[in-house]
Amino acid sequence: MSAAPDRRSSNGAAPAVSDASAPSPDLSGRLVYRFGAGEADGDLSLKPLLGGKGASLAEMSRIGLPVPPGFTISTVCCQYTIDHDGAWPDGLAEEVDAGLHHIEAILGARFGDSASDDIGGDGAPATAAPDTEAPLLLSVRSGAAQSMPGMMDTVLNLGLNDIVTEQLARATGNPRFAYDAYRRFIDMFGDVVTGVPHHHFEAALAALKAERSVTSDLDLTAADLRTLVARYKAVYETHAGAPFPTDPRVQLRLAINAVFASWNNERAVKFRRINRMQDLVGTAVTVQAMVFGNTGPESGTGVLFTRNPATGEATLFGEFLANAQGEDVVGGLRTPRAIAEMEEAFPGVYAQLVDAARRLEAHNADMQDVEFTVQDGQLFLLQTRNGKRTGPAALKIAVDFVREGLADPPTAVRSLVEPHHIDQLLHPQFADATAYADRVIATGLPASPGAAVGRVVFTADEAERQRDAGERVLLVRVETSPEDVGGMDAAEGILTARGGMTSHAAVVARGWGTPCVSGCGALVIDEAAGRFTVGDIVVKTGDWLSINGSTGEVILGQEALVEPELTGDFETFMGWVDDARVLGVRANADTPADAAQARAFGAAGIGLCRTEHMFFGDDRIGAMREMILADTDAARAAALDRLLPFQRADFAGRFRAMDGFPVTIRLLDPPLHEFVPHTPGSQQETADRLGVPVEQVRAAVARLAEVNPMLGHRGCRLGITNPAITAMQACALFEAAVEVQAEGVDVQPEVMVPLVGTVAELADQRAVVERVAAEVFAERGVEVAYLVGTMIEIPRAALTAGAIAAEADFFSFGTNDLTQMTYGYSRDDAGTFIPAYLDRKVLPADPFQTLDREGVGQLVSMATTSGRSTKAGLKVGLCGEHGGDPASVAFCHTVGLDYVSCSPFRIPIARLAAAQAALSA
Ligand code: PEP
Ligand code: MG
């Protein structure tokens, strides 16, 4: 193929719209890439320029698969034509002409009046029809580098006018087909290019059918369709204010510009925003010879997946409609047939499809989603792309591809399973995710994945009561607090009106694998009246509600669920994952059940045990409150003594569950106010228990209230002002360690001091821990090796990490607080403004979900380096919620952390993300 001209410059016109921050696309290279007849100018590596469709057509042509010839105009031209009111960059007109000649040469057909090479000459008068018997019609289709299905525009059957239509009728011997193509073209061109609404054409069609007393389009004759064409032209002229353009070259130019312009239509812009597609320069436009699936019974059109996208089963899966064009399939007017039925009806074509599917899978090393058309028994492929699939299908396909020799294990790990697929495997899902779209009443944050269904309750107590009575409940709260954990545990799912991705409900629910939708601001909750409203919709206590914690959807009614299955393929695949990764993965686990679940999911230890959750059980919250409200040292010591056996048993349980792995136990972190009684009933109960007047309890509760509790008396500040608390926790921890070690368990305790901002704070708490350890070991006559480290979750700690490392055996980044304090965004209130920030692109992503590499990440990277420069080989992990986010895990790999720690149900996801990061490094 001859090289295209390579010198480009703007045509000098000032841009109509300019975005100073966006880099101008490079227009100096080739602008048009041709394909067909076993050759192509481009290939898959040029996807950013050719879009997915253009690149796949080039690639299919190269490997000798049957594609109609065509050419693709590069994405770099898109913004230029939009900015310049439809003017083309210099040289594009010539390259498009060369592209047209290329198609004509391959097919021996002519487009419009090919004697003129002037595609740039707008408004040229309609010319005589080509004198060949095979007129060339074109499709003009969009295609960006990332799939945006159905978001942009397409024009089919381009090139028809009265004369060419007659010629098509003669060439095919099928006037009905020719006039049907013509009326479809006028409709589509009017709708897409000129903005004449489709319903005006529909109305003309309906009127004609009524006149002819027929119900189906198929009952209209060629003469009827000729009449319809005349009426469509009149509709066009009325609404467009000009006659339908009859020059095919003018049609082509206008259609190309319209497809470029559809890049900025409302739904495409919205789609890119929702899917955070920020790096694309525009759509490519592929101009390709039309092939027709509606020329007769030996023709048809269809879509297929090379394997079943729901189950992964290795058979062709899809639909086929005989004697039809693409819109007929999408339009739903006729019911397509399962692809398997083609084997009997079209054995030759079916065999070709099976062969093409095999070659495409081998070539792309992935399952494919293919569009095809059969014209008079001849197969043409129109597009292929990697097929979307469910989690179970992804896993089966990955393992089968390796077994079949189509991919090696690293390739399967890198590209055949995505982290969200793994997520699907671990949680119940709705049996039919397409069934409930019309019952979604609100959407909040997808705080903890999986689907849940239950009857609505508004208080934690009610949740527990109903659960105990055998009911499935969904807990709906404005927001949750640690006091609600009993009810949260009882609930199938949790829905909150306030809070972000790291608020209490989100963190706790993720830890348990309980589906949760948080920060659903549309909910107006009236707890006292036992109902919530969303606009006019009222949902009362006891009503059925379903939530999708993977999407944030809140759905009226009781959806059917399916349980996940972890098959043998899961273990095989995760084995390949573990072979590939460098980064360790631990669990944030607060209970022995969490620890056991985490271990089953492949956690190599506990990276964060939040001990505060151990104080809420009915048997211990009383003693905790006594300790907090005690007004003498002796009373406090007595309360702590009562708590100690509980803590010891708790720690022993975690050590046993994690035999042979480290267990990081964090000292008490939240402000004490979270533990005191807030309702009149619980305040009275505490007063009775302590034998004091209830006023005294209320006064103590009021005294502990803080204006900014998250920046208040919490973390190591508690331990420094109440060393007895630290001492009790350390004593419980070391006594448990000695006890469990004596059972033959390999115990590896790591004591973690929270919310340190200065090295002196860590030194203070370390001294308490070491003193208690020495006392326990002396008393028991045995030692257990242990580490004392700290969380790095205050910017000052990150900035002084070099000094802090002198007192630390390990660091663990608490990126929830580190994000909160670096941005100055309250993690519990960020849900009120972050959605607006994302919509307006003030933030690229929610920093509480995906680690902000630029700011927070800089602190992580810097603190790791300076910590290790003080102490070579310092063990460094991360235990904020980011530890289960694939993009954040990739960053942790890059920075050289030793491990991430995340909630049990995210462990397999973190393992996969760590492996993918290692494989793509
Ligand atoms: C953190 O701040 O990242 C962290 C893990 O601690 P918590 O969420 O308990 O404050
Ligand atoms: Mg924290």
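Which residue of S21 does Val534 stand opposite? The close-ups below, all taken from a predicted model, start with that one.

**View 1. Cross-strand partners in S20 and S21.** Val534 faces Ile537 of S21. Elsewhere on the pair, Phe532 sits opposite Val539, again in S21. The two strands, S20 (residues 531–534) and S21 (residues 537–540), run antiparallel and are joined by 4 bridges.

**View 2. The turn of the S20–S21 hairpin.** Just 2 residues lie between S20 and S21, which together make a hairpin. Have a look at Gly535 in the turn: its phi is positive, at about 60 degrees.

**View 3. The open sheet around the hairpin.** Step back a little and S19 comes into the picture: 3 strands form an open sheet, ordered S19-S20-S21, with antiparallel pairing. Strand S19 (524–526) and S21 are the edge strands, each pairing on one side only. Ignoring direction, neighbouring strands in this sheet are turned by 20 degrees against each other on average.

**View 4. Helix H15 crossing helix H19.** Now for a pair of helices. Two packed helices are described by the angle between their axes and the distance between the axes. Here the axes of H15 (residues 419–426) and H19 (residues 568–580) come within 13 Å and cross at roughly 145 degrees. The crossing is left-handed.

**View 5. Side by side at the H15–H19 contact.** H15 brings Ile422, Leu425 and Leu426 to the contact, while H19 supplies Phe570, Phe573 and Met574. What classes of residue are found where H15 meets H19? The tally is 6 nonpolar residues, with no polar and no charged ones.

Terms used
Residues are numbered from 1 along each chain as its sequence is written. Chains are lettered from A and ligands numbered from 1 in the order in which they are written. This is a predicted model: local features need pLDDT of at least 70, side-chain atom pairs count only at pLDDT 80 or more; totals for chains, interfaces and linings use all residues. Side-chain values use heavy atoms; hydrogens and water are left out. Two strands pair if DSSP finds at least two bridges between them. Axes are lines fitted to C-alpha atoms, for helices over the stretch in contact, and angles run from 0 to 180 degrees between N-to-C directions. A crossing is left-handed if the near helix is turned anticlockwise from the far one by less than a right angle, and right-handed if clockwise. Contact means heavy atoms within 4.5 Å. Ala, Val, Leu, Ile, Met, Phe, Trp, Tyr, Cys and Pro count as nonpolar, Asp, Glu, Lys and Arg as charged, and the others, Gly among them, as polar.
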